[in-house]
Amino acid sequence: MTYFYLSAHRRAMLLLGLLMLGTGATAQQKLFSKKDSSAAGNEASERIRQLGVSARDTAGYFPNSEMYLRTSGAVSSVRMDEVRKLPYTSVNQMLLGRATGVDVRIPSAEPGKRTGAYVRGFSGGLMLKNGDVMSGQPLYVIDGVPLLLDHPFAFDIQRFDFNRMGTEIDPLTFIDVNTIESLEVLKDYAATAKYGPLAANGVIAITTRAPRAGDLKVEVSGYAGMYFRPSVDVINGRWERNFRMRAYEKYATSEQYRGFPAYLADSTNQQYYGHSDWDEEYYRNGWGTGLQASLSGGNRLANYRFGLGEVSQQGVADKTAMNRYNINFGINVTPIKGLQWTTYMAAGMAARKRNQSMRDRMGDQDYILSLERPPSPNKDLLEQYYGYLKRGLDRNRNNNIRVMNNLQATFSRTIRLNSRVGIDYTQNFRDLFIPTTVNDGNNFVSNFDGLQRRITFDNSIELTPQLKGASRLNITLGQYGQWDMWKYQYGRAYKGKSDYIQVYQPGTDQSKPGGSHNIRLTANFKDRLKQNLLSYYGDFDYSIRDKYFFNAYLRYDGSSSVGEAERWQLNPTLSAAWRISAEEFMKGQDLFSDLRLRASAGRVGRIMSADYYGGGPVYNVEVGWEGTPNMSTYDAFPVLNAAYELGYITPGLGWSYTDQLNGGLDLGFLKNRLRVSVDVYSKTDRQLLLKVPVMQERGYTGVIVNGMDIRNYGGELSVQAQVINNKTFGWTTTLNASANKTKLLQLPFGQQDVRLGNRRFLVGKPVDKYWLLINDGIYNTDAEVPAGMTYQGLPMKAGDPKWRDTNGDNQINDDDRVISGTHNPAVQGGWDHTFRYRKLELNFLLSYALGRKLLNKSLADRFDFVNNEGADAISAVKEVSFWSRPDGDLDAIPLYNPWSPVRPYQTEQTLFLEDASFVKLRSASLTYNFSGPWMSAKGIQQLRVFVTGTNLLTWTKYTGGDPEAVDYFGYDLGAYNWAAPKSFTLGFNLQFK
């Protein structure tokens, strides 16, 4: 691990020094090329056998392999040969537009920040807050080790729901793209049943490059490039004053005129009316670099692979940056015939320099600063502000280590034992100090120390009876154990005596000398969550004449999070495939080169998100104030009381589970030069937990019960075509499309309607839509207002919105809101093209999302300046980016009376709902592949250089910012949703014999 602390120069020299070791290597497999597909399939089969992973985990990646022919699962694969050329730092970036059935969300392009993905729609309940998003993520598996992602339980001690407490570093950023052999999305239970309850939200399966026998092979890849700052239409106080004066001149009273903001009232104030050049300090063209080197070799008895890598990326906004360092090692050993030991270890460290936004700082502190004046748009003053922040401290890093050990013993052609252990261990550290100079005279210090750990054991016996005739039978019986743990220790304090004391140690005794450095007003939080899973399984594969394939997978799961009476559940999966093209009646026809029909049906349990659901009503440390209830002491005395804020947990809560049906059809034409795959599915989450609101007199915020059912259903299409393929020119193209819809099937207690916050859910209706007032314009005069028309009991007047009275009772309220629009696309996917001319290759990817709508909250808040001016609330924060012209069609927004008590510019109305469909030129790469006798003479196996570009063009009707840069719930938050920057990089890949 000393490697992590070397200088950048020495790290580069160490990586490049591996070149001197190169004496020989085998040729790199070129996946998806016709001549190499069989070899690639055989290589993958060997890798899978070493890892003890069943064929269902990787089927579909190699179209001509036996695994592909025998699988009945729905699997989508990513062409890694192209992805490795791109400056991606997260697995989710690699999936975007390249895999069917997966919806990737990247609310902010801040380097290294957490992202999200949904496989076949959001699963597991209602998506109401960021914690729900974290619980709905798919399982990520690396070489058979299921990763443990961050848990949302830290949100329990937070007042604000935008960043999770801690580092907020994407745990997927540890995986170096150059180490990935294959990347797949496993979607139905024929493909994912092996992973049991972990796979309820789908699986992203990652197989890294394996050790392999042969002469020593050295490979080095690297890139350097630039991320380009966006173009910003900056403004100053004069523009903002003129923008507001329209409303003042039409509606304001004398008293309201007297409340005109002081910072806009004096046009001679150069702090706000002077130069607006803040963007020159806030934005920059950022550099990005990456370097990875590996060596592998050995013989059939012992072979290995070792790799090192680093990536650094500067953000284009707010001084952000990310650095990652990783090391990995794998070895296969066959000490005696029939016994093979495989081990793989990977370690990494990621550090992230976070944004300096006011909102995020206030969220970290749980403290609202004075909001009387926004930052100045002047560059010099912003530079001064950054100088003050540099006197503080914000150390933010994650460390991760993954270990996989697999022991496989083959006793005969019919019996094989397999034993595997996996460990995924991550630590999160953040030290934060904010000096008095930027914090209203009160400094702030905090420390977060988090840990997440998963240990898995999987032991199985595989039986392959020798059947007569053309039948095959494979039986695998096994036992699986899993131990998960998350914990954190967090402390914060205010009003220290000095800005030079910048580190806080939570839990120290303040009464003793040096205890917390005499920082006052401290608060300490500790929490730990543990979950255990024990499973027994049987996997039965049967085939006849390589035409008819049947599989039954039975799994008996027990979870520590479920009450004792309901702890165990049987989860079965059945699947079948029919290779129609192998039938006698298909011989002699020229239309189909491959025709295969697939079907599967299965049930998988869902692990509860918390360990206290299994025990009925609980007591909790809920003393504090609104938004921060989980304080453990009152006047220094420990306090424990009924968990009123959490909600009443009904005794005897049972398993939630997911039923999924899938049907698929695979077709090949023209000797498989044209391939088409179609899947349709229905995925139903049953007996989900829901906190049902109850009367306030009961004290609880709600009662938690089973009984909610939600269905996701849709279809997927993939088309691959090798249009031209000769020695001089080639053209291949791939089109993928996914469509997903949702429906609420059932609510607890037979309810048909539930209202939670700004959302309403009706049985029989989708669960991913907004709940909005319909806006039909403006009442220009009092005479236009229908007699007696009110909004929430307030009389409506001239200057108010003309909201539609949908139920005709002459009252506008929540009963008039309609369920409309969705941030989930009706259809989304990508269209990839690769053109080859001799040694040149050009690849580009178009991604698209059609039929989605967004709420432009940023624009709504700009017009709602009266309610957002100086309010003591996080929603009133103005960042320095406030001094840019708002994104949106300003002329399309009526001039309402902003002082009206009906709050005419509230976001949840159709006025701010916009079509956000888009097509984006996601990436393009131009590659030159060197060849010739001179390479062999110098021991070079492969040399290619490439130029890439990302996020190059976007076509959309959306008038706001980038239609992808929105939060998880479909709200465009403007300054807090950073669009992915345009980038250009120059890279190389070099392999030595």
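Q: In which strand of this predicted model does Y928 lie?
A: Y928 is part of strand β45.

Q: Why is Y928 called partly exposed?
A: The relative accessible area of Y928 is 31%. Partly exposed covers the range between under 20%, which is buried, and over 50%, which is exposed. Y928 is therefore partly exposed.

Q: What makes the nonpolar surface patch of about 810 Å²?
A: Nine names belong here: Y837, L840, L842, L926, Y928, F930, W934, V947 and L986 make the patch.

Q: Which elements give two or more residues to the nonpolar patch?
A: These are β42 (840–850) and β45 (918–929).

Q: Where does D546 lie?
A: D546 sits in the loop that runs between β17 (520–544) and β18 (548–559).

Q: What is notable about the phi of D546?
A: Phi of D546 is near 50°, which is positive, and D546 is a residue other than glycine. Most residues other than glycine have a negative phi.

Q: Why is D546 called partly exposed?
A: D546 has a relative accessible area of 29%. Buried would need a value under 20%, and exposed a value over 50%. D546 meets neither cut-off, so the term is partly exposed.

Q: In which strand is N951 found, and what is the sign of its phi?
A: N951 belongs to strand β46 (residues 940–956). Its phi is positive, about 50°, although N951 is not a glycine.

Q: How do you know whether N951 is buried or exposed?
A: The relative accessibility of N951 is 15%. The cut-off for buried is under 20%, so N951 counts as buried.

Note on methods. Residues numbered from 1 in each chain as written. Predicted model: local features only at pLDDT ≥ 70, side-chain atom pairs only at ≥ 80, totals over all residues. Heavy atoms only, no water. Patch = residues over 30% accessible without salt bridge, like charges linked within 9 Å, V, L, I, M, F, W, Y side chains within 5 Å. Areas by Shrake-Rupley, 256 points an atom, 1.4 Å probe, with all protein chains shown as cover. Salt bridge = Lys/Arg side-chain N within 4 Å of Asp/Glu carboxyl O. Helix = DSSP H or I, 4+ residues; strand = E, 2+ residues; numbered from the N terminus. Buried < 20%, exposed > 50% of the residue type's maximum accessible area, 1.4 Å probe, protein only.
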